Amino acid sequence: MINQLVSNIKKTGAPIVVGLDPMLGYIPEHVQKKAYAEYGETLEGAAEAIWQFNKAIVDNTYDLIPAVKPQIAMYEQFGIPGLAAFKKTTDYCKEKGLAVIGDIKRGDIGSTSKAYAVGHLGRVQVGNKTFAAFDEDFVTVNPYLGSDGVNPFLDVCREEKKGVFVLVKTSNPSSGEFQDQLVGGRPIYELVGEKVAAWGEELMGDDYSYVGAVVGATYPEMGRVLRRIMPKAYILVPGYGAQGGRGKDLVHFFNKDGLGAIVNSSRGIIAAYKQEQYARFGEANFADASRAAVKDMIDDIKGALEHE
Ligand SMILES: O=c1ccn([C@@H]2O[C@H](COP(=O)(O)O)[C@@H](O)[C@H]2O)c(=O)[nH]1
């Protein structure tokens with residue numbers, strides 16, 4: 001899948017990911033009303049609204065982008081119907097040729113991590129049959145439990161040719177509370193970055209590894225250091241747009257080949273119609289606003305890379 005992701009990025013010329021984080025507050029009233037008319041104001045109704053919202057955004061952007069990143073929390077809050085909407089969304093995105101990065105941030109003791117890895121990336125055995133349950137192409141992994149919490153994901157990646165993005169330096173304001181602590185004079189995020197590079201050596205695609213890293217757009221200087229520490233790791237960069245990251249902050253997350261990083265924006269794209277800049281589209285044309293926001297994001301990032 002890392003080769004597929006790189007090929008999608010080269011084909012679209014867009015090192016970006018659309019984050020499908022459909023909170024109900026972002027879903028226009030007419031979409032919600034239609035879903036509730038069919039399913040009532042129920043979890044099923046909410047899940048239907050999410051699905052219709054996602055579908056409209058994907059239909060209006062898929063030709064411009066290489067990948068999507070559905071955030072599972074936004075679906076899980078609606079229970080089983082929400083998870084069904086997550087699965088329907090990921091399947092649809094794959095049909096459209098997009099790489100799907102499941103933002104699930106899992107990681108546990110080895111036996112439990114194995115179940116997460118099998119459920120999200122691999123195939124679960126039932127009697128003599130196997131089933132790909134969620135079947136994302138990549139997932140995000142929390143490395144806090146150490147190698148035995150990460151290895152089951154790597155094993156499944158090896159078997160299935162899929163990938164992970166390991167949390168190295170997250171974009172949130174208090175990420176430094178633990179991640180920046182010094183151990184032997186080095187910040188923890190650097191040590192995790194070194195581990196990502198080592199895990200990735202065993203799992204190389206053509207040019208990049210199946211083992212990538214998450215590094216927040218909100219910490220550009222750390223991005224520069226981590227780029228050096230993990231030259232073969234694709235960096236998934238959240239924190240663009242709604243969290244303040246801009247193209248000019250991100251140039252050092254990329255390698256000299258213009259590859260090596262893929263920048264996520266969720267609220268900035270899916271709720272673009274709520275921003276003054278895209279208000280001209282109106283709520284009825286929310287997906288057109290998302291398309292315009294995708295184009296602006298691509299221009300911003302490519303413009304910054306060209307000026308580097
Ligand atoms: O360090 C991290 C890791 C993951 N995220 C996730 O990315 C999106 C960001 O949403 P925006 O609306 O573009 O701010 C969201 O799903 C987070 O859970 C992150 O922000 N930072």
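Let's start with what surrounds the ligand in this predicted model. Sorted by class, the shell looks like this:

| Class | Residues in the shell around the ligand |
|---|---|
| nonpolar | three residues |
| polar | 13 residues |
| charged | three residues |

Of the 19 residues in that shell, the ones that come nearest to the ligand are Gln71, Thr170, Pro238, Ser266 and Arg267. Two elements give two or more residues to the shell: strand S12 (261-265) and helix H11 (267-270).

Next up is Lys105, which the unreviewed UniProt entry lists under "active site". You'll find Lys105 in strand S3, which covers residues 99-106. Is Lys105 buried or exposed? Neither, quite: Lys105 has 16 other C-beta atoms within 10 Å, so it counts as partly exposed, since a residue needs 20 or more to be buried and 12 or fewer to be exposed. Leaving out residues up to four places away in sequence, Lys105 touches Thr140, Asn142 and Leu167.

Now for the inside of the protein. The largest nonpolar core has 93 residues, and those touching the most other members are Val166, Val168, Ala213, Val237, Ile262 and Val263. Helix H3 (residues 43-61) supplies the largest share of this core, with eight residues.

Ala213 is a handy one to click on if you want to look around in there. Again leaving out residues up to four places away in sequence, Ala213 touches Val166 and Val168, both of which are also on the list of core residues that touch the most other members. The other contacts of Ala213 are Phe165, Gly193, Val196, Leu226, Met230, Ala233 and Ile235.

Notes
Residues are numbered from 1 along each chain as its sequence is written. This is a predicted model: local features need pLDDT of at least 70, side-chain atom pairs count only at pLDDT 80 or more; totals for chains, interfaces and linings use all residues. A nonpolar core is a set of buried Ala, Val, Leu, Ile, Met, Phe, Trp, Tyr and Cys residues joined through C-beta atoms within 7 Å. Helices (H or I, at least four residues) and strands (E, at least two) are DSSP runs, numbered from the N terminus. Two residues are in contact if their C-beta atoms, placed from the backbone, lie within 7 Å. A residue is near a molecule or strand if its C-beta atom, placed from the backbone, lies within 6 Å of it. Ala, Val, Leu, Ile, Met, Phe, Trp, Tyr, Cys and Pro count as nonpolar, Asp, Glu, Lys and Arg as charged, and the others, Gly among them, as polar. UniProt positions are given in the numbering used here, feature names are shortened, and annotations may be inferred rather than shown by experiment.
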